[in-house]
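Please open the model in your viewer and keep the sequence panel at hand, since each stop on this tour begins with a selection.

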Amino acid sequence: MKNISRLAFVTLLTLAIGNINAQDKNNPWQITVGINAVDALGTGNQLGNEDIGFSKIYSPGVEWSVAPAVSMLSVGRYIGNNFSIGVSGTYNRLDKWNTESTPAQATATNNLQYYGFDGMVKYSLTDLVDSKKLEPFVGLGGGYSWMEQPGKDIASHATINGTIGVSYWFNDFVGITAQSGLKNSFDEVVLVDHFQHSVGLTIKFGGKDTDSDGIYDKYDTCPEVPGLAEFNGCPDSDSDGIQDSEDTCPNEAGSAEFN
């Protein structure tokens with residue numbers, strides 16, 4: 001089961017990378033700051049049992065360990081055709097963790113430290129929902145997680161990660177992002193499979209609009225002079241429907257047949 005799960009993740013990731021043709025093409029950079037929750041019990045996973053279960057994936061009060069302060073930072077970059085790449089870092093204090101062989105013993109933890117560093121290829125599903133506000137997405141990637149062991153040093157291991165999430169955009173630059181991911185460990189004796197959920201404030205940036213006309217330089221034919229979208233950012237000073245560069249009398253309204 002474990003090998004099949006890994007093969008499925010790797011296959012999907014390969015397909016995703018092979019089809020790279022988004023953050024946002026106008027504002028290619030994105031940063032998210034927020035909180036995260038870690039849930040190992042929701043996988044139904046004990047040491048020696050490598051099958052992943054989803055029977056209790058969302059039981060926050062019973063199974064989630066939530067850091068009391070800002071505990072997640074991610075940075076992403078648009079690469080084209082609804083795809084983006086990103087990295088994230090997380091910190092948590094675990095008071096619930098599946099460390100023993102039976103469910104009754106699984107919560108025997110005492111604020112264990114947890115760190116994660118992960119990379120992801122994300123695909124935006126905005127085109128499917130046809131919405132300017134709502135942006136669902138899926139992601140695949142991998143990373144490394146470190147966790148303090150009861151009475152031992154901090155242990156670590158690599159994981160393959162699958163993620164689903166959604167962003168809600170208040171405007172072109174600011175939104176809220178929530179996501180849930182499964183971290184599939186390569187060695188469950190060291191680190192069992194677990195879920196990680198997060199929610200945070202997201203800001204997009206990086207677009208350049210030199211003349212502040214609302215048209216980004218990369219699409220603006222006249223990037224240093226404020227203009228109109230209908231003329232690709234070039235001005236029509238006399239508002240006669242003829243852009244200045246093609247208007248014989250750019251400061252006096254006239255007829256198109258006389259330029």
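**First stop: a strand and its partners**

Begin by selecting S74, which counts as buried at 18% relative accessibility, bearing in mind throughout that this is a predicted model. The cut-off for buried is under 20% relative accessible area. S74 belongs to strand β3, which covers residues 72-80. If you then display its surroundings, leaving aside the neighbours within four places in sequence, you will find S74 in contact with Q30, I31, T32, V87 and S88.

Widen the selection next to the strands that pair with β3. Strand β1, residues 29-39, pairs with β3 in the antiparallel sense over six bridges, while the pairing of β3 with strand β4, residues 83-94, is likewise antiparallel and runs over eight bridges.

R77 is a convenient residue on which to centre the view. Which residue stands opposite R77 in β3? It is W29, and when you turn to β4, the bridge partner of R77 there is I85.

From R77, follow the chain to the hairpin of β3 and β4, where two residues lie between the strands. Select N81 in this hairpin and inspect its backbone, for N81 takes a positive phi near 50°.

**Second stop: the disulfide**

Now select C222 and C234, which form a disulfide with their sulfur atoms 1.9 Å apart. A search of the whole structure finds one disulfide. Looking along the S-S bond, you can check the handedness of the link between C222 and C234, which is right-handed, with 85° about that bond. Both cysteines lie in the segment after β9 (194-205), so the pair ties together parts that are twelve residues apart in sequence.

Is C234 buried or exposed? C234 is buried, with a relative accessible area of 4%.

**Third stop: an aspartate beside the link**

Keep C234 displayed and add D220, which also lies in the segment after β9. D220 is buried too, its relative accessible area being 6%. A C-alpha to C-alpha distance drawn between D220 and C234 should read 7.4 Å, although the two residues are 14 residues apart in sequence.

To finish, show the contacts of D220, again leaving aside its neighbours within four places in sequence: these are D211, D213, I215, N232, G233 and C234. C234 thus appears in the view twice, as a partner of C222 in the disulfide and as a contact of D220.

Technical notes. Residues are numbered from 1 along each chain as its sequence is written. This is a predicted model: local features need pLDDT of at least 70, side-chain atom pairs count only at pLDDT 80 or more; totals for chains, interfaces and linings use all residues. Side-chain values use heavy atoms; hydrogens and water are left out. A disulfide is a pair of cysteine sulfur atoms within 2.5 Å. Helices (H or I, at least four residues) and strands (E, at least two) are DSSP runs, numbered from the N terminus. Buried means under 20% relative accessible area, exposed over 50%, partly exposed in between (1.4 Å probe, protein chains only). Contact means heavy atoms within 4.5 Å. Two strands pair if DSSP finds at least two bridges between them.
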